Each structure stands twice: as structure tokens, then as C-alpha cells.
Amino acid sequence: MDRRSVIKNAGMAGILAAGAAPAVVHAQAAIRWRLSSSFPKALDTLFGSAEVFARAVKNMSGGKFEISTHAAGEIMPAFGNLDAAQQGSIEIAHTAAYYFFGKDPTFALGCIIPFGLNSRQMTAWMYEGNGLKLMREFYAKYNIINFPCGNTGAQMGGWFRKEIKSIKDLKGLKFRIGGFGGKILEPLGVIPQSIPGGDIYPALEKGTVDGAEWVGPYDDMKLGLNKVAPFYYYPGFWEGGTQCDLMINDKAFNSLTPEYKAILEAAAAQAHIDMQAKYDAKNPGALKQLVGSGAKLREFPKDVMKESFKSAMKIYDELSNTNENWKRIYADYSKFRADQNLWFRFADAKYDSFMQAQKL
């Protein structure tokens with residue numbers, strides 16, 4: 001079979017299956033890129049997905065395409081990666097897009113919004129709905145092309161020094177919360193605090209904040225948050241399926257050959273699956289350890305959930321009236337969410353509810 005025909009008609013999967021990859025890769029120039037993450041190395045789930053990605057790129061390119069991975073603060077601050085990738089100071093930012101909602105709330109739609117899509121629904125919107133297309137059109141304004149690179153699944157609601165018995169207990173509460181969640185809670189009296197993952201423990205220990213959320217049991221235990229706050233709340237309704245992204249400088253990406261572009265896409269997809277697999281495998285054991293060491297599990301009171309939902313819907317309506325970027329993408333997102341919730345209501349939700357009530 002002619003190798004050029006394989007490349008044209010089969011894509012990277014066909015190349016690999018036909019055994020043509022070594023010849024294709026051999027013809028490529030050696031490339032060295034830098035990736036800066038928003039996460040510390042201690043978090044082998046979050047920062048680890050960047051390493052999974054870089055390793056896959058190297059392996060699929062036969063060592064020709066190497067990407068060095070750098071934790072938050074090594075070459076860029078945790079929240080400085082987007083600007084660096086936009087300007088071309090680095091080739092890739094590995095981050096959660098909602099960190100940049102201050103530039104435009106629309107960034108949050110590429111990651112997670114309160115009462116948004118769960119992880120499977122988000123992946124479906126990205127790959128089978130209009131999500132990837134719409135977000136790439138938006139990111140193009142920032143010289144970025146994105147690839148989904150991991151999802152945490154639904155997160156926990158965080159650690160608190162004092163018990164939250166009703167919505168009244170939120171008033172004046174200084175709460176470390178990432179992304180768009182703080183904007184939803186602010187009208188309810190919460191004072192949101194934006195703090196990188198590596199700085200949460202000392203802030204909670206010193207009382208700079210009254211509570212803090214990160215991801216879930218496995219990561220929270222690594223950060224030691226249970227040692228400085230006893231009450232562990234759920235669910236993290238502001239993060240029902242948080243997606244991380246690779247944000248690649250568009251000039252750097254467009255300079256690549258089609259084969260290298262295909263390798264990046266395949267490696268990102270591998271890392272995307274890997275992250276949630278790790279969280280789903282590691283969180284159950286970590287939760288048992290946390291409870292065994294004294295963590296007090298609490299469900300958020302119903303009034304907190306209801307009022308937070310009302311706050312979110314009001315803000316989304318306001319944004320749709322004032323922000324054209326948000327209006328265009330959220331209209332598609334919300335329609336997709338409605339259809340997904342209709343389906344999940346009859347399938348996964350009922351099945352999960354039954355299974356979780358059984359003694360296995």
C-alpha cells in the first residue's frame with residue numbers, strides 16, 4: 001500500500017495500524033516544546049495528566065517530539081499560563097479555563113459552571129455536540145487552540161472550620177473557591193478567595209480563609225486539608241464535571257505537520273481518559289481514610305443548594321443579556337444540558353440510585 005495514501009485516507013490511527021508510523025515520524029523534524037501547568041507536582045492526578053500527555057507525544061513520535069512539563073511556579077505562575085501561551089512565551093498551557101473567567105466569564109463554559117454538565121455530558125458536548133467548535137472559536141480571540149485533557153468528575157464541596165447548618169452560615173464566610181463558583185456564592189454572602197492549590201493549606205491553617213475546596217478525597221488528602229478543618233461537605237455543585245485543557249499557542253500549533261498535529265490530538269485524548277480513571281479509582285479509598293481519621297462528612301443543606309441554583313440561573317440570564325460570547329455558547333450549552341439531563345434521569349441516575357442502595 002502506498003504510504004501517502006495511508007496518511008491521506010486513514011489519519012493517525014490508520015497510519016499506526018498500517019505500520020507506516022516509523023517512516024512518517026522519521027521524516028519529521030525534531031521539536032522541543034515547553035508546557036507550563038497550573039498545578040503542583042504533588043498532585044499526580046492533575047499535573048500527572050500533563051506528564052501522561054507529554055510521554056504519549058514522545059512515544060508516538062519516536063522521540064522526535066518532546067515536551068518538557070513544568071509545574072506551577074517553575075517558569076510561570078499558576079494563573080499566568082494563559083497569557084504566556086497567548087503571547088507565545090510557552091507553547092502549551094495546561095490549566096482549567098475557569099481560572100480566567102475574570103477576562104471573560106465565557107472561559108468557564110470550557111471547564112465547568114455551577115450546576116453544569118457532568119463529566120460524561122461535558123465530553124459528549126465537546127466531541128459530539130458543538131462544544132469544541134464553539135470554544136475554539138472563542139479561544140481564537142486569545143491566539144489559542146484547545147484540547148480537552150482530563151476531567152475530575154463531580155467534586156466535593158470542601159472543608160470548613162465550622163458546620164454549615166443553613167444558608168445563614170454562609171454570610172461573611174471567607175471561602176477559597178476556584179473559577180466561577182465564587183461569583184454564584186457571592187450574592188449569598190460568601191467572600192470568595194482565589195488561591196492556587198499549593199497555597200490552600202497554609203491559608204486554611206492560619207485562618208486566612210474559613211473554608212476551602214479543591215477537588216476530592218484523593219487530592220484533598222495529599223494537600224492535608226483534613227488536618228486543618230474537620231467538616232467535609234458535598235456535593236461541589238459548582239464543579240459537577242471539571243474539564244482541564246491544553247491551551248496551545250495557535251502559531252506554534254499551525255507550524256506543525258499534519259502528523260504531529262494528529263499525535264497531539266491522540267495524546268490529549270489519552271490523557272483526558274487517564275485523569276478521570278485515576279480519580280474514580282483512587283477517591284473511594286481516600287474517602288475511607290479521611291473518614292477513618294476523623295473527617296466529618298456533611299451534605300449541604302437544601303436551602304444552600306436551592307438558593308445557589310437560583311443565584312446561578314439569575315447570573316447566567318444576566319450574562320446572556322450583556323455578553324455576546326457567553327450568550328452564543330451558553331444557548332447551545334444549556335440546550336445540550338437539558339437533553340442530557342432528560343436522558344440521564346431515566347438511565348444512569350435510576351441505575352446508580354438503585355445500585356448505591358444495595359449491600360454488595
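In this predicted model, the side chains of Lys310 and Glu307 meet in a salt bridge, with 3.5 Å between nitrogen and oxygen. Both residues belong to helix 12, where they stand three residues apart, about one turn of the helix. An α-helix has 3.6 residues a turn, so residues three or four places apart point the same way. Side chains of opposite charge can pair when their charged atoms come close. Lys310 counts as exposed, at 52% relative accessibility, whereas Glu307 is partly exposed, with a relative accessible area of 30%.

The whole structure contains 13 salt bridges, and two others can be read in a similar manner. In helix 6, Lys133 and Glu137 are four residues apart, a separation of about one helical turn. Their side chains form a salt bridge of 3.1 Å from N to O. Lys133 is partly exposed, at a relative accessible area of 48%, and Glu137 is also partly exposed, at 33%. In helix 13, the pair is Asp339 and Lys335, whose side chains meet in a salt bridge at 3.5 Å, N to O. These two residues are likewise four residues apart, about one helical turn. Asp339 counts as partly exposed at 43% relative accessibility, and Lys335 as exposed at 56%. Elsewhere, Arg32, Lys58 and Glu66 are linked in a network of salt bridges.

Helix 13 deserves a fuller account. The helix comprises 23 residues, 324–346, which at 1.5 Å a residue should span 33 Å; the C-alpha atoms at its ends are 34 Å apart, in agreement with that expectation. Helix 13 nevertheless has a kink of about 30°, centred on Tyr330. At its N-terminal end, Asn323 acts as a cap: a side-chain oxygen of Asn323 lies 3.0 Å from the backbone nitrogen of Asn325.

Which residues of helix 13 are buried? They are Trp326, Ile329, Tyr330, Tyr333, Phe336, Arg337, Gln340 and Phe344. Tyr330, at the centre of the kink, is thus listed among the buried residues. The buried residues pack against helix 5 (119–127), helix 6 (131–139), helix 12 (302–322) and helix 14 (348–356). Helices 6 and 12, which carry the salt-bridged pairs Lys133 with Glu137 and Lys310 with Glu307, are therefore among the packing partners of helix 13.

From Tyr333 the reader may turn to the interior. The largest nonpolar core has 81 residues, and those with the most contacts inside it are Leu46, Ile113, Trp125, Trp214, Tyr316 and Tyr333. A second, separate core of 26 residues includes Val52, Phe53, Leu246 and Tyr260.

Leu46 leads to helix 3, residues 46–60. Its 15 residues should span 21 Å at 1.5 Å a residue, and the end C-alpha atoms, 22 Å apart, agree with this. The buried residues of helix 3 are Leu46, Phe47, Gly48, Ser49, Ala50, Val52, Phe53, Ala54, Ala56 and Val57. Beyond its neighbours within four places in sequence, Leu46 is in contact with Phe39, His94, Thr152, Trp214, Val215, Asp219, Cys244, Met275 and Tyr279. Just after helix 3, Gly62 takes a positive phi of about 65°.

Several loop residues complete the picture. Gln28 lies in the loop between helix 2 (21–26) and strand 1 (31–37). Is Gln28 buried or exposed? With a relative accessible area of 10%, Gln28 is buried, because buried residues are those under 20%. Leaving aside neighbours within four places in sequence, Gln28 is in contact with Lys64, Thr257, Glu259 and Tyr260.

Two residues have a positive phi of about 60° although neither is a glycine: Phe115 and Asn143. Phe115 is in the loop between strand 3 (92–95) and helix 5, and at 19% relative accessibility Phe115 counts as buried. Asn143 is in the loop between helix 6 and strand 4 (144–151), and counts as partly exposed at 30% relative accessibility. Finally, the peptide bond from Tyr234 to Pro235 is cis, with omega near -5°. Pro235 is placed in the loop between strand 9 (231–234) and strand 10 (243–249).

Methods:
Residues are numbered from 1 along each chain as its sequence is written. This is a predicted model: local features need pLDDT of at least 70, side-chain atom pairs count only at pLDDT 80 or more; totals for chains, interfaces and linings use all residues. Side-chain values use heavy atoms; hydrogens and water are left out. The expected span of a helix is 1.5 Å times one less than its number of residues. The bend at a residue is the angle between axes fitted to the seven residues ending there and the seven starting there. Buried means under 20% relative accessible area, exposed over 50%, partly exposed in between (1.4 Å probe, protein chains only). Contact means heavy atoms within 4.5 Å. A polar contact is a pair of N or O atoms within 3.5 Å; within protein, one must be able to donate a hydrogen and the other to accept it, and residues adjacent in sequence count only if both atoms are side-chain atoms. A nonpolar core is a set of buried Ala, Val, Leu, Ile, Met, Phe, Trp, Tyr and Cys residues joined through side-chain atoms within 4.5 Å. A salt bridge is a side-chain nitrogen of Lys or Arg within 4 Å of a carboxyl oxygen of Asp or Glu.
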